[in-house]
2 protein chains.
Amino acid sequence: MTDIKIAIIGGTGPQGKGLALRFALQGVAVVLGSREAGRAQEIADELNSQLDLCTGMNGFSQITGMDNDAAVNAASEVVILAVPYSGHDATLAAISPLLTNKILVDIVVPLAQGNPKAVDMPKEGSATEAAQALLGDDICVVGALHNVSAHTLNAIEKPINCDILVCGNDLAAKKKVIELIKLLGVEAYNVGPAYSARCVEAITPMLIRLNISKAVPFSHAGIKIWSPTNADK
Amino acid sequence: MTDIKIAIIGGTGPQGKGLALRFALQGVAVVLGSREAGRAQEIADELNSQLDLCTGMNGFSQITGMDNDAAVNAASEVVILAVPYSGHDATLAAISPLLTNKILVDIVVPLAQGNPKAVDMPKEGSATEAAQALLGDDICVVGALHNVSAHTLNAIEKPINCDILVCGNDLAAKKKVIELIKLLGVEAYNVGPAYSARCVEAITPMLIRLNISKAVPFSHAGIKIWSPTNADK
């Protein structure tokens, strides 16, 4: 899969940067998209330098930066939407005409304004469903990567040991996204149609609540699927 | 906590039986409630015999059976509702007058009719919220134990290694329920108010989907909270 190039729209935020680092480390070319191309290229340079340092290689250049439109156009197929929820619909509407034959991976969680321990879901039920409604049925939307913290993604010296729940209405698109995510060394599971995002997105504020809680002795929580026949791996 | 006695309404079903076995093994007295007292006592006798066999002790008699009303009255504080969703509201309405000063633990998942891979949430948003609305604010409702399979609960020769998510509007009630659940040797986490049940209950059909899926090599899945600072325990 070394010929693939993914775009991360809103890629200059903490979630986007972490994903860019992780994918680049696996040999996947990444284009960061931002409203300002200069800003995107600046962050891309920073991340490439970080990868040089981390890998001991010189001239790591898997990551480039462009404005959002150019980033979408540069993507071979998968475009990851990683903007804050406040920019979710407007960003999608802007890039929508460019998404033909692409897969939109929506990782956005509609956290409530001023209360990251709750969601404030759009009328469609979830951000993923809102994206699918906005883009129309011809463009496949896949919800994924909602429950892995930016901290975990950016701590590239450690493996990601939480699982990724993937949902969406198109099975082929989900399979491609699951295959892509598994490159990061994590388990990724198909948990159903786009409406499963009502649950998947809402897991994030519960994790944030646990991270904040003094009653719980950990932070940067994620989730794992456990099974007695899965040997607690 | 050996002076506590819990009631399990709908305790003759697979989830209720598993919980009865697990709590009884920890020295907690359990009263199974059923519409028919005779049926409840019959199941209680079976479970006590199973515990005799399993523990090598004779005369294990932690579990008794009664009709639902008597079971609620016999409970020291905690009443677990473990009926199928189709009986959720009617059962609650029937026992409602007896629940003063008790804590109602709602473990019911509103699975869609004919499709256990989806939920069909009541208008209140979740079964837990529906229970709280039905019982009124004077009775504390706590949602818990939705995501642990009956198989796992009944496999008493093995520890339960998944986590339990607990939600509800009353913190003191949640703390009591978390303490009770932790007797079973599991982690139990406060994941917020009753509205968190919209997410917690909806996790179950996603797990059922994974259990059914041929793409996933396991069954009886549950979930775990994972954290990089939690050492993957």
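User: What makes E11 of chain A and E11(B) a strand pair in this predicted model?

Analyst: Two strands pair if DSSP finds at least two bridges between them. Five bridges join strand E11 (residues 222–226) of chain A to E11(B). Five meets the cut-off, so the two strands count as paired. They run antiparallel. One position shows the register: Ile225(A) stands opposite Ile223(B).

User: How do you know that E8(B) pairs with E9(B), and in which sense do they run?

Analyst: Two bridges join E8(B) to strand E9 (residues 164–168) of chain B. The rule asks for at least two, so this is a pair. The sense is antiparallel. Gly143(B) has Cys167(B) in E9(B) as its bridge partner.

User: What makes E5(B) and E8(B) a pair, and what is the sense?

Analyst: Strand E5 (residues 103–106) and strand E8 (residues 140–143), both of chain B, share four bridges. That satisfies the minimum of two, so they pair. Here the sense is parallel. Ile103(B) stands opposite Cys140(B) in E8(B).

User: Why is the relation between chain B and chain A called a two-fold axis?

Analyst: A rotation of 180° superposes chain B on chain A, with 0.0 Å of shift along the axis and an RMSD of 0.0 Å. That is the relation of a two-fold axis. The same surface serves both copies, as 100% of the contact residues of chain B recur in chain A.

User: How many residues are in contact, and what area is buried between the chains?

Analyst: Contact means heavy atoms within 4.5 Å. By that rule, 38 residues of chain B are in contact with 38 residues of chain A. The buried area is about 3,000 Å², and carbon and sulfur atoms give 70% of it. Met206(B), Phe218(B) and Trp226(B) supply 23% of the area that chain B buries against chain A, more than any other three residues.

User: How many salt bridges and how many polar contacts does the rule find across the interface?

Analyst: A salt bridge needs a side-chain nitrogen of Lys or Arg within 4 Å of a carboxyl oxygen of Asp or Glu. The rule finds zero across this interface. For polar contacts, it finds five residue pairs, both residues at pLDDT 80 or more.

User: Which element gives the most to the side of chain B that touches chain A, and what classes of residue are there?

Analyst: H8(B) gives the most, with eight residues. Helix H8 (197–212) is one of the elements that each supply at least two residues, and strand E11 (222–226) is another. By class, this side of chain B has 22 nonpolar, 12 polar and four charged residues.

Definitions and conventions:
Residues numbered from 1 in each chain as written. Chains lettered and ligands numbered in written order. Heavy atoms only, no water. Least-squares fit on C-alpha atoms with pLDDT ≥ 70 in both. Buried area = accessible area lost by both parts, 1.4 Å probe. Polar contact = N/O pair within 3.5 Å; in protein donor to acceptor, adjacent residues only side chain to side chain. Nonpolar A, V, L, I, M, F, W, Y, C, P; charged D, E, K, R; others polar.
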